[in-house]
Amino acid sequence: MATYTYETIPQTEGETPKRFEIKQSMRDAALTLHPETGEPVRRVITGGAGLMGVGQTATVSSGGGGHCGTGCGCH
């Protein structure tokens with residue numbers, strides 16, 4: 001089971017999305033409605049700390065690519 005982050009989709013201007021986490025199988029379809037309130041939701045892609053095997057290194061490229069947003073730390 002994986003833990004996924006979702007947020008509600010604001011229905012009115014000025015409404016703030018509410019985030020929540022839920023455990024799902026990776027085979028399950030993404031939720032479209034909040035399981036308790038029925039509000040429309042979308043899955044949020046978040047960064048995470050991955051595990052790397054001994055002797056493996058990560059490579060960071062500064063050329064090309066897009067911009068992920070402020071504070072992402074990938075550029």
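**Entry 1. Charge and ring**
I looked up the surroundings of the Y4 ring in this predicted model. The charged end of R43 sits over that ring, 3.9 Å from its centre. I then asked which residue of β1 has R43 as its bridge partner. I found that R43, in β3, is the bridge partner of Y6.

**Entry 2. Strand β1 and its partners**
I turned next to strand β1, which spans residues 2-8. Six of its seven residues are buried, and I noted the strand as mostly covered. I followed the pairing of β1 on to two other strands. Strand β2, residues 19-24, runs antiparallel to β1 and is joined to it by six bridges. As one of these contacts, I recorded A2 with its bridge partner Q24 in β2. Strand β3, residues 41-44, is also antiparallel to β1, and four bridges join the two.

**Entry 3. Aromatic pair**
I searched for aromatic pairs and found one in the structure. Its members are Y6 and F20, with ring centres 5.7 Å apart and an angle of 15° between the planes. I entered the pair as stacked, because planes under 30 degrees apart count as such. The pair links distant parts of the chain: Y6 belongs to strand β1 and F20 to strand β2, 14 residues apart.

**Entry 4. Burial of the pair**
Are Y6 and F20 buried or exposed? I read a relative accessible area of 0% for Y6, which is therefore buried. For F20 the value is 15%, so F20 is buried, the cut-off being under 20%.

How values were computed:
Residues numbered from 1 in each chain as written. Predicted model: local features only at pLDDT ≥ 70, side-chain atom pairs only at ≥ 80, totals over all residues. Heavy atoms only, no water. Buried < 20%, exposed > 50% of the residue type's maximum accessible area, 1.4 Å probe, protein only. Pairing = 2+ DSSP bridges. Phe/Tyr/Trp six-rings, centres within 6.5 Å; stacked < 30°, edge-to-face > 60°. Lys NZ or Arg CZ within 6 Å of the ring centre and 35° of its normal.
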